[in-house]
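Colleague: I have a chain on screen and some questions about how it is put together. Can you take me through it?

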Amino acid sequence: MSTAEAPRTVTASPVLELQLDCHSEAVGPARHLVGTYLARLEPSVERDAREAVILVVSELVTNAVRHAGGKSCTLRLLADPETIMVSVGDTSPVLPRPRTPDVSGEGGGFGWSMVCRIATTVEVSRGPSGKTVTATIARQEGRTGSGGSADAAPRPSSTAVRRGRRRD
C-alpha cells in the first residue's frame, strides 16, 4: 500500500457491545461511551458522521427507554471501513412508527423520523425476545446511501427496511 492510499482496515476493536438499564439516566453514559469508541477508530470517523452516530444512539436508546417497557436494552456498534452500524435491542415486539411531533416539547415524536433521515438504512427485526433496530451510518460523507423516503411507516412484518436520505 502506498502512503497516499487510505487504510481499509479498522485497527481499534470494530465492535462495542453494552447492556443498559432501561432508565433515562442510561442515555448520557451511552452517548459518552460511543463517543470514546468512535474517537479510537482508525481510519477516523468524520466529525459529521461521529455526531450522526451519537445522535442515532441517543434517539434509539431513548426510544427503548420510553416505549419498550423493559428493564434492560442492548446497544451494539459495529464498524467497518465504510460504515458504522448501530443496533439497539429491547424486549418489546412493537415496531417503531412515526408519530406527530409534539412541538410543545413535552411528548417527543421527533426521534424515529430523525433516525430514518440520518441513517442510510434502518432495519427493524423481531425476534423471540423483542426487537432490534439497526441503523447504518456512513463513516465519511457521501460514501453510502441512495436516498429515499423516510416518512413511510414500517411494514407490519417481522422486518422493516427503510432507506434514509443521503446528506449532501
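Colleague: How many residues lie between strand 4 and strand 5 in their hairpin?

Modeller: Keep in mind that this is a predicted model. Strand 4 covers residues 121-127 and runs antiparallel to strand 5, with 7 bridges joining them. One of the bridge pairs is serine 125 with threonine 132 in strand 5. The number of residues between the two strands of this hairpin is 2.

Colleague: In what order do the elements of the chain run from the N terminus?

Modeller: There are 3 helices and 6 strands to place. Two helices follow the opening strand, and another sits between strands further on. The order is β-α-α-β-β-α-β-β-β.

Colleague: What share of the contacts with a separation of 6 or more comes from residues 24 or more positions apart?

Modeller: Strand pairing gives an example of such reach. Valine 86 in strand 3 has alanine 135 in strand 5 as its bridge partner. Across the chain, the share from residues 24 or more positions apart is 67%.

Colleague: Which strand pairs with strand 3 over 8 bridges?

Modeller: Strand 3 has more than one pairing to consider. With strand 2, residues 72-79, it pairs in the antiparallel sense over 6 bridges, and a hairpin of 3 residues joins those two. Leucine 75 and valine 88 are bridge partners there. The antiparallel pairing over 8 bridges is with strand 5.

Colleague: How many residues of strand 3 are buried?

Modeller: For the chain, buried residues make up 42% of 168. Strand 3, residues 83-90, is mostly covered. Of its 8 residues, the number buried is 7.

Colleague: Which residues does glycine 89 contact, leaving aside neighbours within four places in sequence?

Modeller: Glycine 89 lies in strand 3. It is buried, with a relative accessible area of 10%. Its C-alpha is 5.7 Å from that of lysine 131, although the two are 42 residues apart in sequence. The contacts are Cys73, Thr74, Lys131 and Thr132.

Colleague: Which residue forms a salt bridge with aspartate 90?

Modeller: Side chains of opposite charge can pair when their charged atoms come close. Here the closest N and O atoms are 2.9 Å apart. The pair links distant parts of the chain, strand 3 and strand 5, across 41 residues. The partner of aspartate 90 is lysine 131.

Colleague: Are aspartate 90 and lysine 131 buried or exposed?

Modeller: The cut-off for buried is under 20% relative accessible area. Aspartate 90 is at 11%, and lysine 131 is at 8%. Both values fall under the cut-off, so aspartate 90 and lysine 131 count as buried.

Colleague: Which residues do salt bridges with shared partners join into one network?

Modeller: The whole structure has 4 salt bridges. Arginine 47 meets aspartate 48 at 3.9 Å, N to O. Arginine 47 also forms a salt bridge with glutamate 51, at 3.4 Å between the closest N and O atoms. The network joins Arg47, Asp48 and Glu51.

Colleague: How far apart in helix 2 are glutamate 51 and arginine 47?

Modeller: An α-helix has 3.6 residues a turn, so residues three or four places apart point the same way. Glutamate 51 is partly exposed at 45%, while arginine 47 is exposed at 52%. Their separation is about one turn of the helix, or 4 residues.

Colleague: What is the nearest side chain of opposite charge to arginine 139?

Modeller: Arginine 139 lies in the loop between strand 5 and strand 6. It is buried yet has no salt bridge. A polar atom of its side chain does lie 3.0 Å from a backbone oxygen, that of aspartate 80. The nearest side chain of opposite charge, 6.0 Å away, is aspartate 80.

Colleague: Which peptide bond is cis, with omega near 0°?

Modeller: Most peptide bonds are trans. For the cis bond, look at the loop between helix 1 and helix 2, where proline 43 is found. The cis bond runs from glutamate 42 to proline 43.

Colleague: Why is helix 3 largely enclosed by the rest of the structure?

Modeller: Helix 3 spans residues 111-118. Among its buried residues are Trp112, Val115 and Ile118. The helix is largely enclosed because the buried count, out of 8 residues, is 6.

Terms used. Residues numbered from 1 in each chain as written. Predicted model: local features only at pLDDT ≥ 70, side-chain atom pairs only at ≥ 80, totals over all residues. Heavy atoms only, no water. Buried < 20%, exposed > 50% of the residue type's maximum accessible area, 1.4 Å probe, protein only. Lys, Arg positive; Asp, Glu negative; His and termini not counted. Polar contact = N/O pair within 3.5 Å; in protein donor to acceptor, adjacent residues only side chain to side chain. Contact = heavy atoms within 4.5 Å. Pairing = 2+ DSSP bridges.
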